[in-house]
Amino acid sequence: MFIVCVAACPTGIAHTYMAAEALELTGRQRGHEIKVETQGSLGIENDITADDLARADGVIIAADVAISGKERFDGLIKLECSVSDPIKFGDAVFEALEQEHAHG
């Protein structure tokens, strides 16, 4: 699966980038292609493009704040969770999205 992700925390520093790294590592370990956009203190980095969205099988939004451009994910299988969830429960986050994709 190709999964796009957004990570964002209230201060946009540590947890945003820790979650992004956890999403990338866990996703790849589970055999997925992953792209993670961060919305943090440096603004939006590694933007998810229209081409990314066109081929995405699902999206994980790991955020404890409102994210910019959430409407672009309408119509995709979506999992929303706390920014800390991919750090603490990475496999469970991906398993939930995989199950939704399998039954969706």
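Which residue of S5 stands opposite Val 59? Lys 78 does, and the tour returns to this pair once the overall frame is in place.

**Before selecting anything**

The model is a predicted one, in which local features need pLDDT of at least 70, side-chain atom pairs count only at pLDDT 80 or more, and totals for chains, interfaces and linings use all residues. Residues are numbered from 1 along each chain as its sequence is written, and side-chain values use heavy atoms, with hydrogens and water left out.

**The whole chain**

Display the protein chain as a cartoon: three helices and five strands are present. Helices (H or I, at least four residues) and strands (E, at least two) are DSSP runs numbered from the N terminus. Read from the N terminus, the order of elements is β-α-β-β-α-β-β-α.

The C-alpha trace spans about 35 × 30 × 20 Å along its principal axes. For 104 residues, a compact globule would have a radius of gyration near 13 Å, and the 12 Å of the protein chain agrees with this. The radius is taken over C-alpha atoms, and the globule rule is 2.2 Å times the number of residues to the power 0.38.

Switch to a surface display. The accessible surface of the protein chain is about 5400 Å², and carbon and sulfur atoms contribute 50% of that area; the areas come from the Shrake-Rupley method with a 1.4 Å probe, and for residues only the protein chains shown count as cover. Of the 104 residues, 45% count as buried. Buried means under 20% relative accessible area, exposed over 50%, and partly exposed in between (1.4 Å probe, protein chains only).

Contacts, defined by heavy atoms within 4.5 Å, can be considered next. Among those with a separation of 6 or more, 60% join residues 24 or more positions apart.

**Stop 1: strand S1 and Cys 5**

Select residues 2-8, which form strand S1. Seven of its seven residues are buried. Phe 2, Val 4, Val 6 and Ala 8 lie on one side and Ile 3, Cys 5 and Ala 7 on the other, so that both faces are covered.

Now centre on Cys 5, whose relative accessibility is 0%. Beyond its neighbours within four places in sequence, Cys 5 is in contact with Leu 23, Ile 34, Lys 35, Val 36, Glu 37, Ile 48 and Ile 60. Draw a distance from Cys 5 to Val 36: their C-alpha atoms are separated by 4.6 Å, although the two lie 31 residues apart along the chain.

**Stop 2: strand S2 and Thr 38**

Add residues 33-40, strand S2. S1 and S2 pair in the parallel sense over six bridges; strands pair if DSSP finds at least two bridges between them. Within this pairing, Val 4 stands opposite Lys 35. S2 is largely enclosed by the rest of the structure, because six of its eight residues are buried.

Within S2, select Thr 38, which is buried with a relative accessible area of 6%. Apart from residues up to four places away in sequence, Thr 38 touches Ala 7, Thr 16, Tyr 17, Ala 20, Gly 43, Ile 44 and Glu 45.

**Stop 3: two loop positions**

Move to Asn 46, in the loop between strand S3 (43-45) and helix H2 (50-55). Asn 46 has a positive phi of about 60° although it is not a glycine. At 43% relative accessibility, this residue is partly exposed.

Next, select Ala 56, in the loop between H2 and S4. Ala 56 is buried, with a relative accessible area of 11%. Its contacts, leaving aside neighbours within four places in sequence, are Phe 2, Val 4 and Leu 76. The C-alpha atoms of Ala 56 and Lys 35, 21 residues apart along the chain, are separated by 9.6 Å.

**Stop 4: strands S4 and S5**

Finish with residues 58-63 (S4), which run parallel to S5 and are joined to it by four bridges. Here the opening pair can be displayed, with Val 59 opposite Lys 78.

Which side chains of S5 (residues 78-81) are buried, and which are not? Leu 79 and Cys 81 point to one face and are buried, whereas Lys 78 and Glu 80 point to the other and are not.
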